[in-house]
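Me: Please choose one spot in this structure, look at it closely, and then lead me step by step to the parts around the rest of the chain. I am new to this, so explain each term when it first comes up.

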Amino acid sequence: MTETRDQDNQENDGMTAPERLAKIRHEVAGLSARVELIAVSKTFPATAITPVLAAGHRVFGENRVQEAAEKWPDLKSSFPDTELHLIGPLQSNKAAQAVALFDVIHSLDRMKLARVLADEMTRQDRHPKILVQVNTGQEDQKSGISPEETADFIRDCREILNLNIAGLMCLPPQQDVAGPHFALLQKLSQQCDVPLLSMGMSGDYEEAIKFGATHIRLGTAIFGPRTAKL
Ligand SMILES: *Cc1c(COP(=O)(O)O)cnc(C)c1O
């Protein structure tokens, strides 16, 4: 665990996580009636998550299968109607665990993983929604299908694997203005005829909603700064 020092920011607002969530919910309702708020609880312990569950929120995101498997079975037994989203990269050897634990997987980014997920979904008879991660910034270090290959990839998932793709997800390059990336993802979702658009984080969710986000992924804006390095 590495301590970061840039914690002295606006999240140091004296509000609790449920209060921040209520404020954002109110604000988002003014922008769009339909967007789902995913509370990204990665790095936060169960003690930080429970108050948000107790306040009635049920949609959460984690970026690591292992961490989610340690925290969520207990939390889900107390709050069984919780919907859990995997928003981080998925290794094929964790696909079985991911299919068992998550309700939505945002990070499908290669054919091999699509195959393993399709097999596991049949084997477990459990059908999380699957979103394809698109590397809208064409960054070498970032996972995701390139924008030009997205339509073919989705067609192959459907036709070869009989795997339904529910939507697209992107994570714009940190140094870029996010709007053009959201616009590109929206355009691809229309071309590929997939309904869900997972885009927008704490710093840019208002912008994402303008481009039709159906799911925004909020960590810091709800839970405050993360002290653990990811
Ligand atoms: C951590 C994370 C988020 C949330 O980021 P914040 O800036 O804290 O809102 C959203 N999406 C993904 C894929 C993440 O890994």
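Reply: A good place to begin is Asp125, which counts as exposed at 61% relative accessibility; here exposed means over 50% relative accessible area, buried means under 20%, and partly exposed lies in between, with a 1.4 Å probe and protein chains only. This is a predicted model, in which local features need pLDDT of at least 70 and side-chain atom pairs count only at pLDDT 80 or more, while totals for chains, interfaces and linings use all residues. Residues are numbered from 1 along each chain as its sequence is written, and side-chain values use heavy atoms, with hydrogens and water left out.

Asp125 sits in the loop between helix 5 and strand 5 (129–134), where helices (H or I, at least four residues) and strands (E, at least two) are DSSP runs numbered from the N terminus. Its phi is positive, about 50 degrees, although Asp125 is not a glycine. That deserves a remark, because most residues other than glycine have a negative phi. Thr43, which is not a glycine either, also has a positive phi, of about 75 degrees, and its place is in the loop between strand 1 (36–40) and helix 2. Thr43 is partly exposed, with a relative accessible area of 23%.

Helix 5 itself (residues 111–124) holds both Glu120 and Arg123, which are 3 residues apart, or about one turn of the helix. These two form a salt bridge whose closest N and O atoms are 2.8 Å apart; the term stands for a side-chain nitrogen of Lys or Arg within 4 Å of a carboxyl oxygen of Asp or Glu. Within this pair Glu120 is buried, with a relative accessible area of 13%, whereas Arg123 is exposed, at 60%. Helix 6 (residues 150–161) offers another pair, for Asp152 and Arg155 are 3 residues apart there, separated by about one helical turn. Their side chains meet in a salt bridge of 3.3 Å, N to O, and Asp152 is partly exposed at 41%, as Arg155 is at 37%.

By the same rule the count for the structure comes to 12 salt bridges. One of them joins Asp103 to Lys76, with the closest N and O atoms 3.5 Å apart. That pair links distant parts of the chain, since Asp103 is in the loop between helix 4 (95–101) and strand 4 (104–108), and Lys76, 27 residues away, is in helix 3. Asp103 counts as partly exposed at 23%, but Lys76 counts as buried at 18%. Elsewhere, Glu62, Glu67 and Lys71 are linked in a network of salt bridges.

Helix 2 (residues 46–54) shows how a helix can have two sides. Its buried residues are Ile49, Val52 and Leu53. They cover an arc of only 100 degrees around the axis, which puts them on the same side of helix 2; the arc is that of the directions from the helix axis to the C-beta atoms. Thr47 and Ala54 are exposed on the other side of helix 2. The elements covering its buried residues include helix 1 (17–31), strand 2 (59–62), helix 3 (65–78) and helix 9 (220–223). Gly56, just after helix 2, takes a positive phi of about 110 degrees.

Arg217, in strand 8 (residues 215–218), is a charged residue in another setting. Arg217 is buried yet has no salt bridge, and the nearest side chain of opposite charge, Asp204, is 7.0 Å away; in this count Lys and Arg are positive and Asp and Glu negative, while His and the chain ends are not counted. The side chain of Arg217 does make a polar contact with that of Ser198, at 2.9 Å. A polar contact is a pair of N or O atoms within 3.5 Å; within protein, one must be able to donate a hydrogen and the other to accept it, and residues adjacent in sequence count only if both atoms are side-chain atoms. Leaving aside residues up to four places away in sequence, those that Arg217 touches include His106, Cys170 and Met199, contact meaning heavy atoms within 4.5 Å.
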